[in-house]
Amino acid sequence: VQLTSRPEAPVVIKLISSKPQEGDLGIASLAFTVGDWNTKRTIVITGVDDMVDDGDIPYTIRTQPAVSEDPKYNGINPADVSVINIDDDTAGVLIDPTSGLETTEKGGETQFSIVLTSEPTAPVVIGLSSGDITECKVSHTVVEFTSSTWNTPFIVTVTGIEDSIEDDDVSVTISTSAATSSDGNYDGLNSDDVIVVNKDDDVAGITFAPHSGLVTSESGDSAKFTVVLNSEPTDNVTLTLESKDSSEGSLSIDKLLFVPTHWNIPQTVTVTGVDDAVHDNDVPYSVGISKVLSSDVLYNGLTVVDVQITNTDNDIA
């Protein structure tokens, strides 16, 4: 800015930003004297930052009528200057991380954060839900951000849910619903879902207890052991038991049925020593499962190590 001719008295021109929240002048006025009237004055206009996705904003640097005792300059109103403040904010929802997260069926937890990328003009609400509540649960089903909390990450905890079925590691999607807000930049905005893997801790199997050290006798003494499944089956499981040497030990029962609702209740089997008239010393033998039948493929045909038993002799040569 400069004058076009030498004034007879100092000339003062006030400057005003029409939107000081968008552009800052740094000075309030320009003053020209008789001695420096023809020196150009450079005015630096600095854009003012905000955190709102409000688009590019036009505003005006308003030059007020000149004030001077020189009547030729007093009251002259220079042209205003039009300016645009370019926006650098974008409405968005940042979730971190969105994958690589793991929980365990023992209640193991993992976490992710949610934060907005710009300041909203109204509260923003985002819903959260587990795609499989039998595998994972979320600590919060609704997350809300305001103009004062938008840039503070909200921590969501995901907890693994226990089951008793060998169902391998299960991938679960934590879904984020479209945001709701009266801020048009955020309303309906979709964010990324989160993938969590719930690690399985169940293994299909059959347990004998005790598994060894049992003793029967030719005098008819018996021994007992229990049988139980190691995980919940998806259907009934039928076990066929057999003594691997029926001349030494007999079973009180040769079939056991486990149903999904009672899979973890041990069933007792009694083994009774069989007498013979031969001095054959103490004889080791075993009891095992000859067949496992079930529509649960993890149990059907399952093999198990036999129970080890010794039948003590009562004969003397």
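This passage describes the fold of the protein chain, then its sheets, an aromatic pair and one residue close to the start of the sequence.

The structure is a predicted model, in which local features require a pLDDT of at least 70 and side-chain atom pairs count only at pLDDT 80 or more, whereas totals for chains, interfaces and linings use all residues. Residues are numbered from 1 along each chain as its sequence is written, and side-chain values use heavy atoms, with hydrogens and water left out.

The protein chain contains zero helices and 25 strands; helices (H or I, at least four residues) and strands (E, at least two) are DSSP runs, numbered from the N terminus. The radius of gyration of the chain is 42 Å, well over the 20 Å that the globule rule gives for 317 residues, so the chain is more spread out than a compact globule. This radius is taken over C-alpha atoms, and the globule rule is 2.2 Å times the number of residues to the power 0.38. Along the principal axes, the C-alpha atoms fill a box of roughly 145 × 30 × 25 Å. Of the 317 residues, 38% count as buried (under 20% relative accessible area, with exposed over 50% and partly exposed in between, for a 1.4 Å probe and protein chains only). The chain exposes about 16,600 Å², of which carbon and sulfur atoms supply 52%; the areas come from the Shrake-Rupley method with a 1.4 Å probe, and for residues only the protein chains shown count as cover. Among contacts (heavy atoms within 4.5 Å) with a separation of 6 or more, 69% join residues 24 or more positions apart.

Five strands form an open sheet of mixed pairing in the order 9-16-15-11-13, where two strands pair if DSSP finds at least two bridges between them. Strand 9 (101-104) and strand 13 (142-145) are the edge strands, each pairing on one side only. Within this sheet, strand 11 (residues 124-130) and strand 15 (residues 170-176) pair in the antiparallel sense over three bridges, and S129 stands opposite S175 in strand 15.

Further along the sequence, strand 17 and strand 19 are antiparallel partners joined over four bridges. The bridge partner of F208 in strand 19 is V227. Side chains alternate along strand 17: I206 and F208 point to one face and are buried, while T207 and A209 point to the other and are not. Strand 19 also pairs with strand 23 (residues 267-273), in the antiparallel sense and over six bridges; here A223 stands opposite V271.

Aromatic rings of Phe, Tyr and Trp (its six-membered ring) pair if their centres lie within 6.5 Å, with planes under 30 degrees apart counted as stacked, over 60 as edge-to-face and the rest as tilted. By this rule the count comes to one aromatic pair. The ring centres of F208 and F225 lie 5.5 Å apart and the planes stand at 80 degrees, so the pair is edge-to-face. The pair links distant parts of the chain, with F208 in strand 17 (residues 206-209) and F225 in strand 19 (residues 222-229), 17 residues apart. Both F208 and F225 are buried.

Q2 lies in the segment before strand 1 (11-17). With a relative accessible area of 34%, Q2 is partly exposed. Leaving aside neighbours within four places in sequence, Q2 is in contact with F32, W37, N38, T39 and K40. The C-alpha atoms of Q2 and T176 are separated by 59 Å, the two residues being 174 residues apart along the chain.
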